[in-house]
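Here is a short report on a two-chain structure. Please look at the sequence and the model before reading on.

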Number of protein chains: 2
Amino acid sequence: MAERIAGQEIERLIQLLARLPGLGPRSARRAALHLIRKREELLSPLADAMAKAHAHIRVCSCCGNVDTIDPCTVCADPRRDPTILVVVESVADLWALERASAIRAAYHVLGGTLSPLDGIGPDQLNLASLPGRLRDSRVSELIIAVNATVEGQTTAHYITDLVSHLPVKVTRLAHGVPMGGELDYLDEGTLAAAMRLRTDF
Amino acid sequence: MAERIAGQEIERLIQLLARLPGLGPRSARRAALHLIRKREELLSPLADAMAKAHAHIRVCSCCGNVDTIDPCTVCADPRRDPTILVVVESVADLWALERASAIRAAYHVLGGTLSPLDGIGPDQLNLASLPGRLRDSRVSELIIAVNATVEGQTTAHYITDLVSHLPVKVTRLAHGVPMGGELDYLDEGTLAAAMRLRTDF
């Protein structure tokens with residue numbers, strides 16, 4: 001920027017907004033101006049919400065979810081099936097499964113996937129507590145709900161080995177054609193999997 | 001959402017983030033998770049920056065820019081040419097011209113364009129003070145730097161009439177091919193204007 005055109009408070013706000021995923025420098029400026037225009041309805045409440053979130057957010061000591069209570073809302077919910085544990089890579093994936101009402105079970109958030117090239121081994125993930133958690137509970141099925149990526153599948157195999165000595169059934173998400181998906185637009189891997197795993201009509 | 005999966009502080013944060021331009025419900029969740037992951041480096045500083053911005057932001061009583069001082073940084077800059085006044089629709093446009101180092105002059109922010117269908121007449125814009133500002137200053141050129149839209153051009157004509165009795169030269173931005181623009185992708189109006197307004201090589 002050739003010239004300082006606004007107070008440093010505004011420039012700092014733009015710089016910080018630009019670090020949000022999905023916002024670049026241009027859209028961060030647009031967001032900042034929008035916030036400034038709506039300072040009573042949006043800027044002030046958002047500042048409050050962020051301060052409150054910062055003050056209250058905890059990582060669930062049981063599953064690794066983030067919430068304002070520990071154990072988190074999901075772990076504390078007595079109506080969930082305690083015999084099923086779903087392993088996910090991230091809190092975002094946990095939220096996605098919950099939004100889909102995919103299952104009413106407990107979760108275990110890994111916090112990433114094994115990726116030796118990035119220096120992420122088993123110790124960098126929330127893996128150490130998993131066998132103990134399975135031993136000390138009534139879990140009879142472990143659903144590995146990781147992404148269908150190379151890293152996700154590598155992690156899935158590692159977990160399968162890790163718990164192989166325990167009396168737990170290990171399952172994984174189905175592969176196939178997504179709802180609404182058009183065959184013409186799907187990759188060959190998905191189509192091959194959908195054909196191989198075809199079910200009775 | 002089928003089930004409450006996180007504390008209400010987090011859900012309120014997501015709802016407020018979703019009201020930023022460029023963020024929908026899905027990207028707001030992603031942004032919230034990013035903030036939660038980086039709560040010390042990003043969430044807390046952003047909450048502070050927003051609170052500070054809310055506490056300190058003023059609309060410049062002279063030009064309509066937003067800043068933390070009044071008159072704003074631009075109006076208070078003694079190195080600007082006081083004989084040129086640039087009329088812009090919005091603070092975003094003022095910032096865009098400043099980023100481009102397009103001119104070192106003073107500004108007048110309208111806060112919108114005339115749009116009778118949307119109930120926006122001259123009284124809804126920062127227009128009333130413009131003739132007085134021209135009379136009481138050394139301004140000799142008024143550059144109307146509004147968008148090249150129907151509303152922008154209507155507003156430009158209105159301003160030309162408004163100041164026609166004053167000894168001020170009124171100019172407007174050039175029309176033509178944008179830098180890097182390919183003729184094949186430009187609309188007919190731009191091409192016709194660029195041809196009509198061709199300059200010596």
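The sections below cover symmetry, the interface, the cysteines and one loop residue.

## Symmetry

This is a predicted model. Chain A superposes on chain B with an RMSD of 0.1 Å. The operation is a turn of 180° with a shift of 0.0 Å along the axis. The two copies are thus related as by a two-fold rotation axis.

Which residue of chain A comes closest to the rotation axis? A:Ala47 does, with its C-alpha at 2.3 Å.

## Interface

Chain A puts 60 residues into the contact, and chain B puts in 60 residues. Of the interface residues of chain A, 100% are also interface residues in chain B, so the copies meet through the same surface. The area buried between the two chains is about 5,600 Å². Carbon and sulfur atoms give 71% of that area.

Zero salt bridges are found across the interface of chain A and chain B. Six residue pairs are in polar contact there, counting pairs with both residues at pLDDT 80 or more. On the side of chain A that touches chain B, six elements each supply at least two residues: α1 (8–17), α2 (25–37), α3 (39–56), β2 (66–67), α4 (73–76) and α5 (91–99). Of these, α3(A) gives the most, with 16 residues.

## Cysteines

How many disulfides are there over all chains? The count is zero. A:Cys60 is in no disulfide. Its nearest cysteine sulfur is that of A:Cys75, 3.8 Å away. A disulfide requires two cysteine sulfur atoms within 2.5 Å. A:Cys60 has 3% relative accessibility and counts as buried.

In chain B, B:Cys63 is likewise in no disulfide. The nearest cysteine sulfur to B:Cys63 belongs to B:Cys75, at 3.6 Å. B:Cys63 is buried too, at 1% relative accessibility.

## The loop at A:Ile120

A:Ile120 sits in the loop between β4 (105–109) and α6 (129–135) of chain A. Is this side chain's residue buried, partly exposed or exposed? At 29% relative accessibility, A:Ile120 counts as partly exposed; the buried class ends at 20% and the exposed class starts over 50%.

Neighbours within four places in sequence aside, A:Ile120 contacts A:Thr113, A:Leu114, A:Ser115 and A:Leu125. A:Arg80 lies 40 residues from A:Ile120 along the chain. The C-alpha atoms of A:Ile120 and A:Arg80 are separated by 32 Å.

Note on methods. Residues are numbered from 1 along each chain as its sequence is written. Chains are lettered from A and ligands numbered from 1 in the order in which they are written. This is a predicted model: local features need pLDDT of at least 70, side-chain atom pairs count only at pLDDT 80 or more; totals for chains, interfaces and linings use all residues. Side-chain values use heavy atoms; hydrogens and water are left out. Copies are superposed by least squares on the C-alpha atoms of residues with pLDDT of at least 70 in both. Contact means heavy atoms within 4.5 Å. Buried means under 20% relative accessible area, exposed over 50%, partly exposed in between (1.4 Å probe, protein chains only). Buried area is the accessible area (1.4 Å probe) that two parts lose on being put together, summed over both. A salt bridge is a side-chain nitrogen of Lys or Arg within 4 Å of a carboxyl oxygen of Asp or Glu. A polar contact is a pair of N or O atoms within 3.5 Å; within protein, one must be able to donate a hydrogen and the other to accept it, and residues adjacent in sequence count only if both atoms are side-chain atoms. Helices (H or I, at least four residues) and strands (E, at least two) are DSSP runs, numbered from the N terminus.
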